[in-house]
Amino acid sequence: MSPQELIEMFTLVFNLVGLVICLAGLTLAQRMRHRWPGYALAVVGFLVAALPLFFKMLATAP
């Protein structure tokens, strides 16, 4: 199996895990005095959720 097929299989998993990380980061940012760690965690969650899309864009680039 190629890496692209594996990422397509696990797209839903990446999206759900990224969503949970993003929500945890935003909740953390809301509750803490310093908000930047929560926002950084939210950005990491977004990148995890968008990883399959980024991979498809890079794999199909000429």
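Helix α3 carries a kink of about 55° at Ala-50, shortly before the proline Pro-52. This feature belongs to a predicted model. The mean pLDDT of the chain is 88. Of its residues, 97% reach 70 or more. Confidence varies between the elements. Helix α2 has the highest mean pLDDT, at 93. Helix α1, residues 3–9, has the lowest, at 77. Where pLDDT is low, predicted coordinates should not be read in detail.

Helix α3 comprises 24 residues. From first C-alpha to last, α3 reaches 32 Å. That span is close to the 34 Å expected at 1.5 Å a residue. Its buried residues are Gly-38, Ala-42, Gly-45, Ala-50 and Pro-52. Both the residue at the kink, Ala-50, and the proline that follows shortly after, Pro-52, thus appear in the buried set.

Other positions of α3 are more open to the surroundings.

Notes
Residues are numbered from 1 along each chain as its sequence is written. This is a predicted model: local features need pLDDT of at least 70, side-chain atom pairs count only at pLDDT 80 or more; totals for chains, interfaces and linings use all residues. Side-chain values use heavy atoms; hydrogens and water are left out. pLDDT is the predictor's confidence in each residue, from 0 to 100. Helices (H or I, at least four residues) and strands (E, at least two) are DSSP runs, numbered from the N terminus. The expected span of a helix is 1.5 Å times one less than its number of residues. The bend at a residue is the angle between axes fitted to the seven residues ending there and the seven starting there. Buried means under 20% relative accessible area, exposed over 50%, partly exposed in between (1.4 Å probe, protein chains only).
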